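Biologist: I'm new to this structure, so please pick one part and take me through it slowly. Tell me what sits where, and point out anything odd in the backbone along the way.

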Amino acid sequence: VATFLGEEGPVQAWKKLLKPTDIVGIKSNSWHYLPTPKELEEAITRRILDAGVPKEKMSIDDRGILNNRIFRDATALINVRPLRTHHCSGIGGCIKNYIMFIPDPDNYHGDSCSTLASIWELPHVKGKTRLNVLVMLTPQFHVVGPHSFNPKYVWSYYGFLVGFDPVAVDATGLRVIQAKRQEFFGEDRPLSPPAKHIFTADTQY
């Protein structure tokens with residue numbers, strides 16, 4: 001984060017992102033095979049504290065955010081989740097991570113989840129995201145069916161993609177996934193379904 005923001009140290013960097021008066025929701029991801037690492041959640045919490053935000057004004061959550069008072073009142077969101085292929089949306093990245101901000105996520109699964117970015121236009125979300133962190137420590141690059149996981153389709157990339165623009169972050173992650181798929185399968189193997197929501201996020205939202 002310090003490198004991304006051009007600061008000498010992390011404390012100064014996080015103070016550029018947040019004010020002591022902010023109410024901060026850390027939108028994590030709890031999928032049990034590849035959750036947001038607890039160590040990362042703890043590190044982000046420490047940096048938010050360093051920025052002057054009191055602990056009672058922040059919360060980490062995924063599936064319970066609609067009933068979470070901090071998220072309802074949030075003035076700032078930190079979006080953090082691991083990258084993986086997904087049977088409905090091609091990939092699960094920063095854009096898709098906000099699907100829990102709506103009560104009916106299944107309604108967004110049609111057409112390769114092409115309308116996911118519309119969630120970012122909702123009043124309780126729009127303009128609040130201060131940072132997107134796509135966790136690429138051990139991404140999953142292939143999926144067969146709903147919620148499938150196979151260790152042979154996970155590799156040790158040991159990286160993070162950090163940015164303000166979720167489209168740019170996800171598009172970069174997608175390119176990494178596509179390169180890994182070509183290396184693994186020995187041929188160009190397009191995602192099925194395609195990650196259409198990244199394109200529509202860029203062109204429509």
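**A helix and its surroundings**

Modeller: Let's start with a quick stop at Pro193, which you'll find in the loop between helix H5 (166-185) and helix H6 (196-203). Keep in mind that you're looking at a predicted model. The peptide bond leading from Ser192 into Pro193 is cis, with omega near 5 degrees. Most peptide bonds are trans, and most residues other than glycine have a negative phi.

That second habit is worth remembering for the loop between strand E4 (90-92) and E5, where Asp111 is found. Phi of Asp111 is near 55 degrees, so a positive value in a residue that isn't glycine, and Asp111 counts as partly exposed at 48% relative accessibility. Cys113 belongs to the loop between E4 and E5 as well, and its phi is near 60 degrees, again positive in a residue other than glycine. Cys113, though, is buried, with a relative accessible area of 0%.

Now for the close look: helix H2, residues 10-17. Which residues of H2 are buried? They are Ala13, Trp14 and Leu17. They cover an arc of only 90 degrees around the axis, so they end up on the same side of H2. Turn to the face pointing away from that buried side and you meet the exposed residues Lys15 and Lys16.

What do the buried residues of H2 pack against? Their partners are helix H1 (2-5), H3, strand E3 (76-86) and strand E5 (129-140). Let's follow the H3 side of that. The axes of H2 and H3 are 8 Å apart, and the helices pack at an angle of about 75 degrees. That makes H2 roughly perpendicular to H3. At the place where they meet, H2 brings Pro10, Val11, Trp14 and Lys15, while H3 brings Ile44, Arg47, Ile48 and Asp50. Trp14 is one of the buried residues of H2, whereas Lys15 is one of the exposed ones.

While you're at H3, have a look at Leu40, which lies in that helix. Leu40 is buried, with a relative accessible area of 15%. Leaving aside residues up to four places away in sequence, Leu40 touches Val80, Val135 and Phe160. Val80 falls within E3 and Val135 within E5, going by the ranges of those strands. Tyr157 is another story: 117 residues from Leu40 along the chain, with 16 Å between the C-alpha atoms of the pair.

H3 also has a place in the path of the chain. Strand E1 (residues 24-27) and strand E2 (residues 58-61) pair in the parallel sense, over 4 bridges. To get from E1 to E2, the chain crosses through H3 (residues 38-50), and this β-α-β crossover is right-handed. If you want one bridge to look for, take Lys27, whose bridge partner in E2 is Asp61.

Keep going past E2 and you reach Gly64, in the loop between E2 and helix H4 (69-73). Is Gly64 buried or partly exposed? Gly64 is partly exposed, with a relative accessible area of 24%. For Gly64 and Phe101, 37 residues apart along the chain, the C-alpha atoms are separated by 9.1 Å.

Definitions and conventions: Residues are numbered from 1 along each chain as its sequence is written. This is a predicted model: local features need pLDDT of at least 70, side-chain atom pairs count only at pLDDT 80 or more; totals for chains, interfaces and linings use all residues. Side-chain values use heavy atoms; hydrogens and water are left out. Two strands pair if DSSP finds at least two bridges between them. Helices (H or I, at least four residues) and strands (E, at least two) are DSSP runs, numbered from the N terminus. A crossover is right-handed if, with the strands pointing away from the viewer, the path from the first strand over the helix to the second runs clockwise. Buried means under 20% relative accessible area, exposed over 50%, partly exposed in between (1.4 Å probe, protein chains only). The arc is that of the directions from the helix axis to the C-beta atoms. Contact means heavy atoms within 4.5 Å. Axes are lines fitted to C-alpha atoms, for helices over the stretch in contact, and angles run from 0 to 180 degrees between N-to-C directions. Angles under 35 degrees count as roughly parallel, over 145 as roughly antiparallel, 65 to 115 as roughly perpendicular and the rest as oblique.
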